[in-house]
Structure formats: C-alpha cells, structure tokens
Amino acid sequence: MKRTKESTDSKLVISACLAGEACRYDGRDNLVPEFRALVEDGKAVTICPECLGGLEIPRKPCEIRVVKGERKVYNVKNEDLTNAFKKGAEKALSLARNAGARLAVLKAKSPSCGCGCVYDGSFHKRLVPGNGITAELFLQNGLTVMTEQEWLTQKFKEESIMEKKINLGIVFGGQSGEHEVSRASACNVIEVIDKEKYDITLIGITKNGDWKVYTGDYKNIKDGSWEQDTDKIHADFSIFHDPIIQDVDVFFPVLHGPMGEDGTIQGLFELMNKPYVGCGVLASAAGMDKVASKMLFESAGIPVGPYVYFKRRDWEKDPDRIIDDIAGRGFPVFIKPSNMGSSVGISKAHNREEFIDGVNEALRYDHKIVVEGFLNAREIECAVLEENGEIKAAIPGEVVASKEFYDYEAKYSDNQDSKIVIPAQISDALLEKIREYAIKAFEVIDGSSLSRVDFFVTRATYNIYINEINTMPGFTNISMYPKMWENMGVSYAELVEKLIQGAAVKRVNS
Ligand code: SF4
C-alpha cells in the first residue's frame, strides 16, 4: 500500500460521506468537520464511488469476497454488484484526475473506499487486509490514499511540528469519592508529558465542584495542598468565556467516578467543541452505570454474573420484600452503588443485618443499587486502547487482593499486600477469550480512546464473567491499566502521548 508523502495541504479528493453527504448505504453520513471545511474552502472535491456507479441511497450493505481468485462485491442478499463498484471507481478516478488531486482521503473499511483493511464478506464485521475497489484503483494509478484517521493524525503531527505548542488542559480532582486518586493520577500524567511539545494548563475541580486554574507547582496537586496556594489560583471564571480555558487545545480529564467519568464533563467538552482524552458521552455514561452496562454486555453475548437492582424509592417503600428476595437467593452478596467506581460504597453482606447496612452505605453514593451474587472467583482485568481507529486489548492482569475484596483502600493505598500480577496466571485460551470480550465490551458501549474491562474467572470451573468497564481507569504509574501496557512494551510516557494524540484527532464520527 502506498503511504503518503503528500502534505495534508495538498489538493484532495475525499469520500463524500466524510464531508457530510448522506450517501452511505443507510442514508447517513460520516461527517468529520475538518473535511467539510476543506470542501467549503475549495481545497477538496468529494466522490461517492457507489453513487457514481449508479447505486441508490439507501442500499443494502456490501462486502468484498474472493471468488475463484477474483475480488467480487456482494450485497447482504448475495447479489453480485461488482460491475457497479468498478464503474463507480473509474468515474471517481476520472473526477480525481480532473481536479488535479494527488491525494485521496477515503473512508476506512468501506468496500469502495477502504484502504488497508476491509470487511471479509461474511457480514460479521470481520476485517481482513485489503483495499476497497476504488482505493485499489487509485493506488494502481499513482494516487496516494489515506484513511480519514491517518490524514487527521498526520495533520496533527504537522501542526505540532510547525505551529505553536499544544495547550493541554489537565483536569483533576472532581466531586466524586475518587477525588484523591484523580489527583495522584494527574500528577503522574503531568510528570511524563513532553514539556517541549505541550503547554500545560492545570484545572482543578474541588470536592465542592469549584473550578480553579492553578499556575503553581504541579507537585502540590497530589496531597491537595494546591488549594491553599491561593496566589497561584485563578477562580471565579466562566468556563465558556475565560480565555485561559478557551485557549486549551485538548483536554485530558484525569477524573474518575461521577461528574468526571460519567459523560457529564464529556458533554461539557462537546458543547465547548474541544477534543478530549477518553470515551465520549454515551460510553462514559453507560460505563459508569453498572446496571446499564450489564444490560449492554448481556446484549452483546458477554457472560454477566447473577445480579438484581433496585432504586432508593423501592427500598424506602418495601425494604422487607427486597431483603427477603436477596435472602432467598442466598448470601453472601456484594452491594454496590450503580454509579460509582474504585470500590467506593461497596460492601459484602453475609446476612440480613449486614445487607441492610450495606444498602444504607451504598445509598450515600447513588439512588440505584446493584446487588451481585458472590462468585468464588479471581479478578482479571484487561486494558483496551484505541489507536488510529484500531481497538487493541493488552494481555490481562490479575488483582490479588490483600483483603476480603479489593476495596478503595486496598486499591489506592501503598498497601504492599495487594498485588497485581501481569500476565494473569491463567491459560492462554482464557487470556485470549478475556481480550476478545474486553474488545466486545468496549465496542458495545461505543467506547473510544481507553478503558479497563474487569472480569471474574471462577476458581473451580474457569467460567468468565464480566464485572464492569472503567472508561477512565486509575492512571497512577502503579495502576493496573498502564502496567498492562508496560507489559506490552508501551511505557507510561508513551501511553500518555498516544492518548493525547488520539484525542487531538478524535471526532464524533470517527
Ligand atoms: Fe460513498 Fe465511499 Fe462514503 Fe461509501 S464510503 S458512502 S462509497 S463515499
């Protein structure tokens, strides 16, 4: 495959759906605002090879299949549409030539426009190496072809080299019970950021929810003493109008738990039209809500352990009914707030009395409570990373807890008795199955950027159950997520850099 030597400033031909034309098989578009702007500025022309080949909108989805050594295109009803695809490719090539374009940015994975990989013809979303019909013809005729992600990544790199340093807004603290771990994670992240390449704007959120820009020494963040460094604090500003905030190019919300990892702050960044590290609104919200995520996991065919849930109003109305129901299922059980992370508000109940205490504790953090049946199981975690549109899962690690279960204290104190073991000491087949489920879980919540997916593997039977997905996992330099990537040869500093770069090119429809 020919990779570009062209600058992203070269005259372009681009897939029409990337510029916002509703020409996809399902009548939708794949809008990336940068490409629409290029068309509006006269720097790019659009092509939709499938429309040029005479196919209608909407149309049945198509994939490429190799039949007797020949690449053919079939729709999902097994109708052979190869000729229409070839005709569209020829017309697209002639339009590109007339426009004087040497560089084509084409929508990834499409049977016409895909470059590098396309679906395998099974209609099971399986990718295989190869190019779409138009992409292949363009390459054969000397055009440079890139996917939209490759173009955006290259543009980001060119801008990084040629232009000002990128202003990175590190947001830390937050209102959740995980405020302290956020501060520790933020400190470690700042430590490894390349200061030649990035200017850093520190934005602290206090436990009360006040936003403050901090210009002092970042080392004061870890123990919270930055809040007393009042000379270096700029407060009382409007997020939408303050120039310090508006000058941030990319946000890195190193925030865990509610009001940080749950889609709320992600929605704010969307409203501000600023790129950010981490999952988008839907994935963050779905990932934070244990009940919603379990339902999604079940819909994707990922095994979920036994659970029930109820709301504060159910508990207040008829606690005995709930207690009887749980007792009928059998103790012990885990009681968890549906929206919380890092084991905050979680307890284990061996009898009715402990269950009542556990529910009251969990209700301090959320109105929705999930009760999970006890599994005699090991806790295995798997790190997922999206890089250039590709979703990768690291080799899983295992949490070996010092206490009866891995609670907040065990997770974030320097408790040497709680250990993480990477790779987890289970069979290769189980490791691979967990990686497969982790990617499925990431996909089903519509994840992007990063997540850590936690599983249970039962001790006696080796059954795998998904526990939860964390869309902004603990990110201190000793946390499981970075340690799993370190085991894959990606250092903590490289991981931080990949996440920032990924955010800078991330767009709603990527
Ligand atoms: Fe048209 Fe290509 Fe977009 Fe498909 S991927 S809708 S063929 S422009």
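**View 1. Five strands form an open sheet in this predicted model.** The strand order is β12-β11-β10-β9-β13, with mixed pairing; strands are DSSP runs of E with at least two residues, numbered from the N terminus, and two strands pair if DSSP finds at least two bridges between them. Because β12 (233-234) and β13 (250-253) each have a single partner strand, they stand at the edges and one side of each is left without a neighbour in the sheet. Strands β10 (residues 198-205) and β11 (residues 211-214) run antiparallel and are joined by four bridges. L202 stands opposite Y214 in β11.

**View 2. Helices α6 and α17 lie across the sheet strands β9, β10 and β13.** Helices are DSSP runs of H or I with at least four residues. Helix α6 (residues 179-192) runs at about 155 degrees to β9 (166-173). For helix α17 (residues 492-505), the angle to β13 is about 130 degrees. Axes are lines fitted to C-alpha atoms, for helices over the stretch in contact (heavy atoms within 4.5 Å); angles run from 0 to 180 degrees between N-to-C directions.

**View 3. The structure holds zero disulfides (pairs of cysteine sulfur atoms within 2.5 Å).** The sulfur of C23 is 3.8 Å from that of C48, its closest cysteine sulfur, and therefore too far for a bond. C382 is in no disulfide either, as the nearest cysteine sulfur, in C279, is 14 Å away. C382 is buried (under 20% relative accessible area, 1.4 Å probe, protein chains only), at 0%.

Residues are numbered from 1 along each chain as its sequence is written. Local features need pLDDT of at least 70 and side-chain atom pairs 80 or more, whereas totals for chains, interfaces and linings use all residues, and side-chain values use heavy atoms, without hydrogens and water.

Conventions. Buried means under 20% relative accessible area, exposed over 50%, partly exposed in between (1.4 Å probe, protein chains only).
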